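Here's an easy-going walk through a structure you may not have met before. Take a look at it first, and then we'll go through it piece by piece.

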Amino acid sequence: MSVPQTVETALADRPVEGATCLEAGAGVGNTTRGLLEQGAGHVYAVTDNAEHARDLRASLDSHEASRTSILEADLRSTPLQSNAVDLITAHGLCNVVPPSALGQISAELARIAAPGAHLVVNDYEPLPDDAAIRNLFAVENAVSELADGTPALTFYPSDMLRRVFEGHGLTFDRKQVLLDPVPWTVSHVEAHADLARKAATDLPQRLSDPLATELDQLVEEIGSESTGAMYSLAFRMSER
Amino acid sequence: MTGDLEARKLGDTDQESTVATFGAIALNWLEQEGANQMVEHALDHGVNHFDVAPQYGDAELKLGPKLRQHREEIFLGCKTQKREYDGARHKLERSLDRLGIDTIDLYQVHGLEYEEELDTITGEGGALEAFREAKVEGQIDHIGLTSHGDPDLIMDAIDRIDDLETLMFPLNPVVMAKNDAEYDYEAVLERANEEGLGTLIIKAFARGPWPPEAELPVEDRPYANWYEPVDTPERMRERFDFVASQDVTSVVTPGDPKLVSMGFDAASRYEPMDEAAQRSLIEELRHEDSPVPEQLHH
């Protein structure tokens, strides 16, 4: 699987070579692979999703695997020591972090960062008002709120995330626009709808049925849409 | 009718080619009257670089009348698939005859695919001897090479042909989304620019391969292109803007006559595409091409 250009672009001006890295929210491992390709010394790939951890483990070759530790952990409290890593990446992480957990996770990342460490936060700006895909994300969030009381997705403005991480002693370095517009392809739309359908199965039928119907309709209506922007923020931890 | 296409220097040559090159293969599917109209259409848009080959059915013959009428306005590229001296010499004479002209501005080695071919072309009694001889005799002005083969092979050719002046090769966001060396035409472009070669881009409008024949028989394909093209004005413009925003000389219009006008139009409206928008297009195609399970992000 190829490393997305978003990841390559965001890492291009960071000192990856030989660095001990943490990928916060490893997902399918796009950034882990990007870090390994650019010569990371070691990558801690942290995810709270057992399926992602398993898939990522299976996808690495032996040379990559020897430089990677896949940790199944909650990012609010990881088993990593303080000051342990030189470079932290959070690629597409924050939008799946509910506001109630953002403070703890950002504090945890700051704790793990060594003095002088780099932090890269890549995420999405809030979508424009006229974006059709907002309707899909609204249903995805409604299902999630009904199921466990938290939204599935929160698109934090880059300025806001900047303030959050600055609040933990990180110095803002640069902002880049990674994607403008963001291509929400048929496969993205379907992946989001699938996740919402899955979450809806935990709801009483009187709620899950109409929500599932709405999801089907939205998938059909939206198809694909290019809208919004994806940004990359880079920070440095103070030398302390 | 616009006639104000951007022109760019064709490598280190004195030629300034428009950012769109007319792929004259399209004439093969038109009757003579339609072919004449299409050439006028290209010229109305200000296109000054045409490309043809003897392999394109009777495109050379159909291009002939209007080419002769407007000879001074057209920089003509032609090519040969012959790898040895005799064959190349003969094909050149035949093309000149079919086109009805005395000089071809750019004569290109057509469709280089294998290392052995490169050995033959560059060796004693190879096609390049015929090219060089024809250049001295004034039958051709410049020497080029075309290939949609292995990028490493193309770069080898750059090394081995000292008097090479132009390269024609594929570039589009689909191949740029792939990391493998076999699709690394960006490296070819970089190298070509270092060496001062003019760069002519093919397959800019390719969406991907046609579905397998079992699903879509060849005779049921809606376009003559040997790949499935993008075919809406918006998508064509997006592709044109993307490719022309790379450091290339010119983008060759699609082979199917139904798409040519949209190609000219895209060139007329060309606007450089910024890097975030380029990445957006690459990312979109990366997902279209290889859907990975549960990719919520980019």
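What follows is a short tour of the two chains, one after the other, and then of the place where they touch.

Keep in mind from the start that this is a predicted model.

**The two chains at a glance**

Let's begin with the overall numbers for each chain.

| Chain | Residues | Radius of gyration | Citation |
|---|---|---|---|
| Chain A | 240 residues | 18 Å | agrees with a compact globule |
| Chain B | 298 residues | 19 Å | as compact as a globular protein of that length |

Chain A is built with nine helices and nine strands. Its C-alpha atoms fit in a box of roughly 55 × 40 × 30 Å along the principal axes. Buried residues come to 41% of the 240 in this chain. If you take the contacts in chain A with a separation of 6 or more, 79% of them are between residues 24 or more positions apart.

Chain B has eleven helices and twelve strands. Along the principal axes, its C-alpha trace spans about 60 × 40 × 40 Å. Here 52% of the 298 residues count as buried. For contacts in chain B with a separation of 6 or more, residues 24 or more positions apart account for 77%.

**Inside chain A**

A good place to start is helix α2 of chain A, residues 30–37. Seven of the eight residues in this helix are buried, so the rest of the structure largely encloses it. The buried ones are Asn30(A), Thr31(A), Thr32(A), Arg33(A), Gly34(A), Leu35(A) and Leu36(A). Just past the end of α2(A) you'll find Gly39(A), which takes a positive phi of about 90°.

Next, pick out strand β5 of chain A, residues 113–124. Nine of its twelve residues are buried, so this strand too is largely enclosed by the rest of the structure. As a bit of background, strands of a sheet pair through backbone hydrogen bonds, either parallel or antiparallel. Which way does β4(A), residues 85–91, run against β5(A), parallel or antiparallel? The two run parallel, joined by six bridges. One spot to look for is His91(A), whose bridge partner in β5(A) is Asn122(A). Together, β4(A), helix α5 of chain A (residues 99–112) and β5(A) make a right-handed β-α-β unit.

β5(A) also pairs with strand β9 of chain A (residues 230–237), this time in the antiparallel sense and over seven bridges. In that pairing, Val121(A) has Leu233(A) of β9(A) as its bridge partner.

Now for a single residue: where does Asp48(A) sit? Its place is in the loop between β2 (42–47) and α3 (50–59) of chain A. With 14 other C-beta atoms within 10 Å, Asp48(A) is partly exposed. Leaving aside neighbours within four places in sequence, Asp48(A) is in contact with Glu72(A), Ala73(A) and Asp74(A). Ala58(A) is ten residues along the chain from Asp48(A), and their C-alpha atoms are separated by 17 Å.

**Inside chain B**

In chain B, the thing to trace is a barrel. Eight strands close into it in the order β3-β4-β5-β6-β7-β8-β9-β12, and the pairing is parallel. From one strand to the next, the twist averages 30°.

You can follow a few of these pairings by eye. Strand β4 of chain B (residues 49–51) runs parallel to strand β5 of chain B (residues 75–80), with three bridges joining them. There, His49(B) stands opposite Phe75(B) in β5(B).

Further round is strand β8 of chain B, residues 166–170. Five of its five residues are buried, so the strand is largely enclosed by the rest of the structure. Thr166(B), Met168(B) and Pro170(B) point one way from β8(B), while Leu167(B) and Phe169(B) point the other way.

On one pairing, strand β7 of chain B (residues 140–146) meets β8(B) in the parallel sense over three bridges, and Leu145(B) has Leu167(B) as its bridge partner. In another, five bridges join β8(B) to strand β9 of chain B (residues 198–202), again parallel. Leu167(B) turns up here as well, standing opposite Thr199(B) in β9(B).

**Where the chains touch**

How many residues of chain B are in contact with chain A? There are 20, and they meet 24 residues of chain A. On the chain B side, the touching residues divide into seven nonpolar, six polar and seven charged.

Definitions and conventions
Residues are numbered from 1 along each chain as its sequence is written. Chains are lettered from A and ligands numbered from 1 in the order in which they are written. This is a predicted model: local features need pLDDT of at least 70, side-chain atom pairs count only at pLDDT 80 or more; totals for chains, interfaces and linings use all residues. Two residues are in contact if their C-beta atoms, placed from the backbone, lie within 7 Å. Ala, Val, Leu, Ile, Met, Phe, Trp, Tyr, Cys and Pro count as nonpolar, Asp, Glu, Lys and Arg as charged, and the others, Gly among them, as polar. Helices (H or I, at least four residues) and strands (E, at least two) are DSSP runs, numbered from the N terminus. The radius of gyration is taken over C-alpha atoms; the globule rule is 2.2 Å times the number of residues to the power 0.38. A residue is buried if 20 or more other C-beta atoms lie within 10 Å of its own, exposed if 12 or fewer, and partly exposed in between; C-beta atoms are placed from the backbone. Two strands pair if DSSP finds at least two bridges between them. Axes are lines fitted to C-alpha atoms, for helices over the stretch in contact, and angles run from 0 to 180 degrees between N-to-C directions. A crossover is right-handed if, with the strands pointing away from the viewer, the path from the first strand over the helix to the second runs clockwise.
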